[in-house]
Amino acid sequence: MRSFPGSPRVLCGAVVEVDPTSPLSRLVVFQYNPDHMTRALRPRAVAPGPAADARRISGAPVETVTMTIEVDATDQMEQGDPRAAAGIAPQLAALEMLLYPSTAQVVENAALLAAGTIEIVPPESPLAVLVWGPGRAVPVRIQTLSITEQAFTPDLFPTRASVDLSAQVLSYDDLPVGSPGYALFLVHQVMKEAMAVVAGVSGAVSAAADVVVG
């Protein structure tokens, strides 16, 4: 995607798969940043009780993020880029694999079941991190991926698609203390608190200036 000369460099959003057991963690960089992102926050309230508990909360709010990601290999195919031979199928596969257990885990559990193991722990998906600029990197659980494939190669590989992504942000209430996502969300909250302080100070200064001028 070309930009005008002298225009500021725009950072690209991404979804990163963090898997300490795999040296080849997946990185899905957004080819085009979504035009908009919707964030819905729901307070994590305690169970109903005395009136004195009406304002108590049990942890960080439950946050859901939705966005539409556009993926297009048209330019790369016109330029003869060999990486576009399969269109955008690799990029879509990388996104979809965030919802799959690894093949190794499936085979291992099948072997345990065949050996007569009574209790088998369901496989755990790798930790996904949504990166939206240097100030926002949060662990997420992908809830839905709705993919609309819009154009194809002669071999029926998709070359253009629109992906509607919905994800729940995972906080320290959802992750064990030893998880990298636990610390990552704590850092995210500390940065949010600092920005709220800046906003409060800025508002107070503006209000004081208005009083002086008035």
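Buried means under 20% relative accessible area, exposed means over 50%, and partly exposed lies in between (1.4 Å probe, protein chains only). With that in hand, let's work through some exercises.

This is a predicted model, in which local features need pLDDT of at least 70 and side-chain atom pairs count only at pLDDT 80 or more, while totals for chains, interfaces and linings use all residues. Residues are numbered from 1 along each chain as its sequence is written, and side-chain values use heavy atoms, with hydrogens and water left out.

**Exercise 1.** Find which residue meets Arg39 in a salt bridge, and decide whether each partner is buried or exposed, or in between.

*Solution.*
- Step 1: recall the criterion, a side-chain nitrogen of Lys or Arg within 4 Å of a carboxyl oxygen of Asp or Glu.
- Step 2: Arg39 pairs with Glu63 at 2.8 Å, N to O.
- Step 3: place them: Arg39 is in strand β3 (residues 37-42) and Glu63 in strand β4 (residues 62-72), 24 residues apart. Strands are DSSP runs of E with at least two residues, numbered from the N terminus.
- Step 4: Glu63 is buried at 8% relative accessibility, whereas Arg39 is partly exposed at 35%.

**Exercise 2.** Work out how exposed Asp81 and Arg83 are.

*Solution.*
- Step 1: their side chains form a salt bridge, 2.9 Å from N to O.
- Step 2: Asp81 has a relative accessible area of 18%, so Asp81 is buried.
- Step 3: Arg83 reaches 71%, so Arg83 is exposed.

**Exercise 3.** State how many salt bridges the structure holds, and which residues share partners.

*Solution.*
- Step 1: the count is 4.
- Step 2: Arg44, Asp173 and Asp174 are joined into one network by salt bridges that share partners.

Notes:
Helices (H or I, at least four residues) and strands (E, at least two) are DSSP runs, numbered from the N terminus.
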